[in-house]
Amino acid sequence: MQHYTFDCIYLQIDMDTIEVSNLNRQFLFRQSHVGQSKAKVARDAVLRFRPHISITPYHANVKDSDFNVNFFKQFNVVLNGLDNLDARRHVNRLCLAAEVPLVESGTTGFLGQVTVHVKGKTECYECQPKPAPKTYPVCTITSTPSKFVHCIVWAKDLLFAKLFGDKNQENDLNVRSNDSCSSSENKNNVFERSDDEDWEQYGRRIYDHVFGYNIELALSDEETWKNRTKPRPMYSRDVLPDKMTQQNGNADKTDDLSPASAMASLGLKNPQDIWCLMENTRVFLEALKLFFTSRKKEIGNLSFDKDDQLAVEFVTAAANIRAASFNIPLHSLFEAKGIAGNIVHAVATTNAIVAGLIVIEAIKVLKKDGCYRMTYCLEHPSKKMLLMPVEPFEPNKSCCVCSQTPLSLEINTHRSKLRDFVEKIVKAKLGMNSPLIMCGLALLYEVGDDLEKDMIENYTANLEKVLSELPSPVTGGTMLTVEDLQQEFTCNIYIKHREEFDEEKEPDEMVLSGWTQAPPEKKDDKTSIGNGASTSKSLPTEPMYAQKDTEVKEISDGTASPGKKRKLPEFSEGCTLDQSNDADETMNHKKIQKLDDDDDDLVMLDHWGKDTCKKQRSQ
Ligand SMILES: Nc1ncnc2c1ncn2[C@@H]1O[C@H](COP(=O)(O)OP(=O)(O)OP(=O)(O)O)[C@@H](O)[C@H]1O
Ligand SMILES: [Zn+2]
C-alpha cells in the first residue's frame, strides 16, 4: 500500500520478506535481497531513481491497530496491492471511514483488474459480495469423483488430514474407518498402527483400506453405479507385490539434514513426469513412512501446505491412485501441486500492466479528475482488446459496508452457539477482526487488550452458549449489532430462527442475506452498467467494442480461487487527463476510437491521451 501526494511523500506497508519466487515479477528486488523486508528494499530501490522524495517503509501487517482511521486520514489516496480478501476488506473499511479514495488491484495469471473506490461516488470494494471459494459436494468427493480435482480434494482434505492432522477434527473418512465387516478391518480404528507392524505394513494396510476395501463397500450400493462407470478396488499387493525395501535398498535411510522427500529416496527426479500406478504406490508408501519417521513431531498438527514437498508428494500419489481407481487420467506432481495449492503462475507482464494502471488511476484521484475507470485485463481479446476500461459503478444501496444496510441471518437459535456466529458470520463473512456484539444494550462479546479478567471469562463462557440461552437471549426477531471499532464499521443483523438446513448446500447451518447485488441502474445517457455479478443479466445497451457476454473474472484474493464473473455491458468512454479539475465532466468524454481490425497483437488503450487512443504491440 502506498501513499502519494504531489509533494511526494510515500508510505508503504508490507508484512512480507522477499522470496526467490518473487524475483520474476517484482522488479525492484534482486537475488541479494532475498529474506529482506519488501517495504524497506522497495523504498531503497525507489530512492535510487528519485533521491529527493520521502518514503517511510513499514514492515508490518496493515491490520495492526496502529494503522487506524487517523493514520489513513493523512493520505490523499491509498493503493492496494494485496493478495487476500481479508486485508483488502479491512483497508476498504478504513478508507471509507477516513474518506480516502482507494485504488484496488489484483492479478491472477493473465487476468487482472484495477478498480477505483471513492466514498459516495463509486461502489466500495465490498459493494459486490465476493464469491466463496469453490467447494464440492461431499458425496462427490467421498463417493463419486469424476475429475482429478475431486481426487486431490479427497487426498488433501480427507486422507492427509486424517493421517497427519488433528485427530479430533470431524472427517468423512471416519465414516468407514470403524467398520469391521471386512476380514482386514477387525480393529477398532484402522488408522491406528499396531506395535507389531512396520511402516510399510502399516502403509499397505491404509492403502488397502482406502483404495480397496472402501471402494468395494461403495460398489455394494448398486443404485449409485447404475449410470456411472464403476470404480476398481485397488490392493497394494496387486500393484506392488514385493516389499519396498527389497526393491529399493535405501528406502529405510532418512537423511536428517535434507528435508524428507519420497521422490528423492525413490530416485524420481522430474516433477513433470506422470508416474505410473506402481510409482504412485511406491511414493504413497514412502511418503507415509517418511512423515511418521522424520516428521514425527508434526503429526497431529499438519494441514496441507503447497510449499511442503513431502505433503505434495503424498497428495499427488494418493490422488493419482484414487484417479486410477475411478478411471480418471493421472497427473504429474507439478500439475497436482498447482491444483492442490490453487496456484496460477504469476505473469510479469500482467503485473506490470496493472501497476501502470494503478498509477494512472491514482494520478486521476490526485488531480480530482473524477473520470475514473475500472480496467480489466482479459485472457482472450474481445474485439481485439485485452484491456477493458469500464466506468465505475455507483454504490450498491444494499451494501452493508458503505450503505450500512441491515442484514438478516437465518440460524437455529437453539442449536448454534455464539462461537459459531462469531467465527462463521462475524469473522469469516463480515471480515471483522476485533468484533463487539450487542443485543440491545447488553454486550455479549468483545475483543480487546484492555478487558478486565472477569469480562474475558464472561465472554468466553458466552461463546460456548447457544444463542437462545445467552444472558440476553437471541431468538427469532432479535436485532444484533456487530461492530468493529478499528474498522469503524457497524452492522445490524436481524435474526430469523430456522429449524432445518440443507446439509449439502448450507453446511454452516446459517444463511446471511440482505447484502445483495444492486439492480442495473441507468445513469443518464452515459454508459449504463449493470451491477450484477450474475452472468445471466441482460444488458441495457449495445456494446461498442466488448461483446455482450464478455465475462470478467474479478480477482479477490490473488490466488486461483474462482473470481466473480461480471458481464461487461460496453466500453466506457475515454476522457482526457489534462482537463481542468472542475471542467464539466461530460464535455471531456471522448469516444474511444475504433481500433485497427487487422491488428492481432496485444492492444493497449491509452484513452487518456490527447490523441484519444493509441495502440501498442506486444513483443
Ligand atoms: N495484511 C497484510 N499486511 C501487509 N501486507 C500484506 C498483507 N496481506 C498481504 N500483504 C502483502 O501483499 C503482497 C501481495 O503480493 P503478491 O501476491 O504479488 O506477493 P507474494 O505473496 O509475495 O507472492 P506469492 O503469492 O508468489 O508468494 C505481499 O507482499 C504480502 O506481503
Ligand atoms: Zn459498498
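Which residues are buried in helix 13 (residues 333-340)? In this predicted model, the buried positions of helix 13 are Leu-333, Ala-336, Gly-338 and Ala-340. Cover for these buried residues is provided by elements that include helix 5 (148-164), helix 10 (262-266) and helix 12 (309-325). Helix 13 is followed by Asn-342, for which phi takes a positive value, near 50 degrees. As a general point, residues three or four places apart in an α-helix point the same way, because there are 3.6 residues a turn.

Helix 13 belongs to a chain in which 16 helices and 18 strands were assigned. The chain comprises 619 residues, of which 50% count as buried. When contacts are restricted to residues at least 6 apart in sequence, 64% of them join residues at least 24 apart. The exposed area of the chain amounts to about 30200 Å², with 48% of that area supplied by carbon and sulfur atoms.

A further site of interest comes from an annotation record. In an unreviewed UniProt entry, the feature "active site" is placed at Cys-139. Cys-139 lies within helix 4, which spans residues 138-142. The relative accessible area computed for Cys-139 is 40%, so this residue is classed as partly exposed, that is, between the limits of 20% for buried and 50% for exposed. With residues up to four places away in sequence left out of the count, Cys-139 is in contact with Thr-144 and Glu-504.

Notes
Residues numbered from 1 in each chain as written. Chains lettered and ligands numbered in written order. Predicted model: local features only at pLDDT ≥ 70, side-chain atom pairs only at ≥ 80, totals over all residues. Heavy atoms only, no water. Helix = DSSP H or I, 4+ residues; strand = E, 2+ residues; numbered from the N terminus. Buried < 20%, exposed > 50% of the residue type's maximum accessible area, 1.4 Å probe, protein only. Contact = heavy atoms within 4.5 Å. Areas by Shrake-Rupley, 256 points an atom, 1.4 Å probe, with all protein chains shown as cover. UniProt positions renumbered as here; feature names shortened; annotations may be inferred.
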